[in-house]
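Here is an informal walk through one protein model, written for someone who likes to check contacts and ring geometry. Have the viewer open while you read.

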Amino acid sequence: MKASFSGALPARRRKLALWAAAGFLFYTVSGFVLLPPLARVIAEKRLSKQLDRPVTIQKLRLNPYNLSASIRGLLITDKSGAPVVAWDEVYVNFQLASLFTHAWVFKEVSLSRPFVRVQLNKDYTLNVSDIVARLSADITSKSIEPAKPTLWRIDLLRLAGGKVAFTDLTPRMPFQRTVGPLELTVTNFQTDPDHKNVFALSGLSDGGERFSWNGSFYLAPLRSEGEVSVSGFALTTYAPLYQDLFRFQIKDGIIGLHSAYRYERSAAINLLAVTNAMFELKSLEMVEKDTGQPAVKVSNFAVTGGSVDAMARQAEVDTMTVTSGRFVLRRNQDTSVNAVELLKPADSAPPAPGGVLLLLRAMTNLVALLLDSTNLANGAIRELNLTNCALHLEDLVNSEPVRLDLEDIAVQAKNVSNRAGTNMTAKVSLRWDTNGTVRADIKAGLSPSSAEVVLALDELNLLPLAPYLDPYLNILVLGSKLGLAGTVRLKSARDELPEVRFQGNAWLDRFSIAGGTANEGLLQWESARLSGIEANLNPLVVSVTNATLNDVFARLIIETNRTLNLMSALRRGGTNAAATLPATNAVAAAWPRISLASLVLSNANIHFIDRSLRPTVNITLEQLKGNISMLASDDPQQADVQLQGTVDKTARAEITGKINPWDSKQPLDLKVLLQSMDLLPEDPYARKYLGYGLKKGKLSAQLAYQVSERKLKSENHLTLDQLTLGQKVESADATSLPVRLAIALLKDRDGRISMDLPVSGNLDDPQFNLGGVVYRALETVLTRIITSPFSALGSFFGGKGEGLRFQEFQPGSTNLLPAATAKLDALATALYARPDLELEIEGSVDPVADLEALRREKINRQLPLQNWNPAANLFLAATDATITKTAPTRAFREAVSLGKGAATLRSPRAYSPTIPVKYAVTENGLVVKSSNASGDVKGATALMPGPAPAAGSGDPDREHKRLAAVEMAPDALPTLASERAKNVKAYLLRTGKVEPRRITESARGASSSGSRVYVWLQ
């Protein structure tokens, strides 16, 4: 058969067949046997020379039949011998169709287990930087005219089991990462501009991170769309890249991402859009690097349905969820905020690692694309949910740190957006500190801005915020429960301040504060409520329908150092002086307009303690109740005040009147009524300032205060009932005034002391002090009473004045004159009305007039002895004769002798004074009374008969000698003074209005202050 076949062929054909067989054989042998080793050697040499690195190829295979080739075991190493590029096999299947088209056509291009190692050196150069530079130089040196690009077509482009190792030596701790195995598939790849190339890329890192990228792309212009997915992306594995750059440290955190995208870049279109994005961050834990304190801890943060159009600057999110988030917000002592500081570069931050620089360049390019758009950014979150979150607030600026925990934070919000016309709704709730609750329902919109917030706050403990009061108040907040229920409405118009209104109620229950020094309760109440609040921010107006304050307790203490606890509670630079504010119109305009329809006070108690005295003073104003109505800062109408209570459970106190505390020019009219307050608690004050203890006593007061045009006019009527002093005590602060006398002068027969203290003054006077003014007024009244006691008595009982303090007598007489009895009657009446007053009576004489009168009386008593001789009585001798005392003479003297002492009250003769008169002797010896030489005796007294003077009395010199010759007993004048005092005492006792025990005769003896009897009040 063979012979027949070859022989059957013509010679020419047989020759062509042989050549064809030889050529086919050579093609086969060359393609399969000769060319692969030769090409491998040439490729190794040229690549090694061009790359300046050792290049080895294990095996090169060609299949001339199907035009395929494979390169196995490629390895490119650097000078240290470390691999740079390697693969197991590259397979290329070329198509003959390329010979008949304008494109290079490949049926398949596959790369099996490729490996690429990229290293960023400390000098920020890559391990392949020289290769890139050499290739770039070669391309640049070949100035070839640009030609029409060759088209490529690959039916299947595949990469399997690839790995990329990245090493960054620029950080303090080198960063290494290996990504692989990588799987890449591109089907029907073409470089035609309008051809859609479909691809799929997936991989796994050595840290367990998984990623995938699939979609399609076009080459000219470059555009792509597809989906990207990343899971298990651990932030801690990348710590070397950022740990030295920031002030925080990420302890944990895993990111997952899935998103669709679309990108297009051309002369006409710039588009970068992300749609249907889902982002998840789990187990995030961030701490401050320096202190190790936690800053952020989030169990889960998730975003679903996200879409971003970077060029249009628009973003939307279907849902955003935060679960179990813990956040710490702290203001440090230098007023820096930790959240801001953590985002700042570290103080000793080195240059950014190369990996970070690559990321920053990519971000810079993205930002540049965004800046190309002039649209304002806007976004929307259709649903926002925060569940079981917490915020720890700290403020270290104060000496006492402020710490507040907000727990169980839950937020459900819809349509959160900055787009015009969007209506947002939200429900917010949280737990304040331990038991407080905050709830808010929010409705808000933009363009124009508007909001309506329904607030419900209850049981908010203000104790954590108390350190904010420390610079101003030295107090301790022991308890407080703040509540609020109402609605806040905000509305704004273009080019105008927003209008903000609040309507609702507020309350502060179980409020209690103590003084910071003594830790004693200062102020507390059970309930304080404001109902019907209407507040407006612009202009600032606050109106309250009703305010109630129940079960109030306040403690007012004067400490041992005489400081007031209220002043100690105010920090005023170590002084108790009140700060003065400039009364300018600008300041006045800044005050809000405030109105209060009714303030109701119930069961208020004020405890006053004075520890500066021993024993301590304790006074309590109890069960104070009442109301203040129609109180308004901008209304000239005065507010009505009605308050009443009790003092120490016995005395009734009442305050009524009208006030306007905001307008100093408005008249003020207040009346204070106090009834029967027991004074025994004030005994320490009596001991200190009066020098006496108190046995008993009650105080009642009617006080009226009127202020008009900053001028005070006050009427203070005080009534002391049964005020009784105890024993005298030693006190350096006691008054020098005779206190007992003052009380005795003021106390009436019923045991009451009534006193009026008018007070006036100018409130604008810097020296004006109400307490000081009242004290000075009281001191003035008491001083006037003490220094002029009889004037005081006179003013009380019809006015005899200081004339009551003495009684006039005729010289030498002990008999009371009619005028003296009238004064004594007035004095007796006054003593009856003032039963505590005592008298000391002191007789007095005129050494000249009284002695002369006594001598004359003695002479006159001797004249009747001579009158027993009728002749002698009728005819007096021209010369003096010695008078012989006989029995008839003594009998006559005893019959006509003047009565003394108490006897004058029983004898009518006792009221006829012995008045010195001058006598004349007629020629026949008759004695007649001449006219009163001194003119002192007038009327009936002048007509009274008197004894005839002794013979020779018409001669003054002779008369003087005769009087001087009369001898008187040494005690004549003291006896006269004593008898006068006894007559005055007897008369006062005879009125029946003065008890004997209240009158004493002076132990000072007789004085020489005139013919009088002086009385001293005690």
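## A ring pair between strands

Phe 301 has a relative accessible area of 21%, so it counts as partly exposed. Bear in mind that this is a predicted model. Searching the whole structure turns up 14 aromatic pairs. One of them joins Phe 301 to Phe 279 edge-to-face, with 6.2 Å from centre to centre and 65° between the planes. The pair links distant parts of the chain, since Phe 279 sits in strand 12 (residues 270–288) and Phe 301 in strand 13 (residues 294–309), 22 residues apart. Phe 279 is partly exposed too, because its relative accessibility is 26%.

Phe 279 also turns up among the contacts of Leu 257. Once residues up to four places away in sequence are set aside, Leu 257 touches Val 228, Ser 229, Val 230, Met 278 and Phe 279. Leu 257 belongs to strand 11 (residues 248–265), and its relative accessible area of 31% makes it partly exposed. If you want a backbone distance to check, the C-alpha atoms of Leu 257 and Val 228 are 7.6 Å apart, with their positions 29 residues apart along the chain.

## More rings, and charges over one of them

Elsewhere, Phe 189, Phe 199, Trp 213, Phe 217 and Tyr 261 come together as one aromatic cluster.

Which residues lie over the face of Phe 806? Lys 823 is one of them, at 4.4 Å from the ring centre. Arg 1012 also lies over the face of Phe 806, at 3.8 Å from the ring centre.

## Salt bridges

The salt bridge count comes to 29. Take Arg 223 and Asp 194, whose side chains meet at 3.9 Å, N to O. Arg 223 is in strand 10 (residues 223–234), while Asp 194 is in the loop between strand 7 (175–190) and strand 8 (197–205), so this pair ties together parts 29 residues apart in sequence. Is each partner buried or exposed? Arg 223 is buried, with a relative accessible area of 17%, whereas Asp 194 is exposed at 68%.

Next up is Asp 408 with Arg 431, a salt bridge at 3.0 Å, N to O. This pair links distant parts of the chain: Asp 408 is in strand 16 (residues 402–417) and Arg 431 in strand 17 (residues 423–432), 23 residues apart. Asp 408 is partly exposed at 38% relative accessibility, and Arg 431 is partly exposed at 28%. Then there is Arg 489, which meets Glu 452 in a salt bridge at 3.5 Å, N to O. Arg 489 sits in strand 20 (residues 475–491) and Glu 452 in strand 19 (residues 450–460), so the pair ties together parts that are 37 residues apart in sequence. With relative accessibility of 36%, Arg 489 counts as partly exposed, and Glu 452 does as well, at 29%. Salt bridges with shared partners also join Glu 316, Asp 318, Arg 382 and Arg 419 into one network.

## Buried spots

For a buried strand residue, look at Ser 512 in strand 21 (residues 499–515). Its relative accessible area is 15%, so Ser 512 counts as buried. Leaving out neighbours within four places in sequence, Ser 512 contacts Leu 476, Val 477, Leu 478, Gly 479, Leu 523 and Gln 524.

Why is helix 10 (residues 739–746) largely enclosed by the rest of the structure? Because 7 of its 8 residues are buried. The buried residues of helix 10 are Val 739, Leu 741, Ala 742, Ile 743, Ala 744, Leu 745 and Leu 746.

## A nonpolar patch

On the surface, a nonpolar patch of about 910 Å² is made by Phe 24, Leu 25, Phe 26, Tyr 27, Val 29, Phe 32, Val 33, Leu 34 and Tyr 65. Leu 25 sits in helix 2 (residues 11–51) and counts as exposed because its relative accessibility is 53%.

## The chain as a whole

Zooming out, the protein chain has 19 helices and 37 strands. It runs to 1018 residues, of which 36% count as buried. Of the contacts between residues at least 6 apart in sequence, 59% join residues at least 24 apart. The accessible surface of the protein chain is about 57,300 Å², and carbon and sulfur atoms account for 59% of that.

Methods
Residues are numbered from 1 along each chain as its sequence is written. This is a predicted model: local features need pLDDT of at least 70, side-chain atom pairs count only at pLDDT 80 or more; totals for chains, interfaces and linings use all residues. Side-chain values use heavy atoms; hydrogens and water are left out. Helices (H or I, at least four residues) and strands (E, at least two) are DSSP runs, numbered from the N terminus. Buried means under 20% relative accessible area, exposed over 50%, partly exposed in between (1.4 Å probe, protein chains only). Contact means heavy atoms within 4.5 Å. Rings of Phe, Tyr and Trp (its six-membered ring) pair if their centres lie within 6.5 Å; planes under 30 degrees apart count as stacked, over 60 as edge-to-face and the rest as tilted. A charge sits over a ring if NZ of Lys or CZ of Arg is within 6 Å of the ring centre and within 35 degrees of the ring normal. Accessible areas come from the Shrake-Rupley method with a 1.4 Å probe; for residues, only the protein chains shown count as cover. Patches are made of residues with over 30% relative accessible area and no salt bridge: like charges are joined within 9 Å, nonpolar side chains (Val, Leu, Ile, Met, Phe, Trp, Tyr) within 5 Å. A salt bridge is a side-chain nitrogen of Lys or Arg within 4 Å of a carboxyl oxygen of Asp or Glu.
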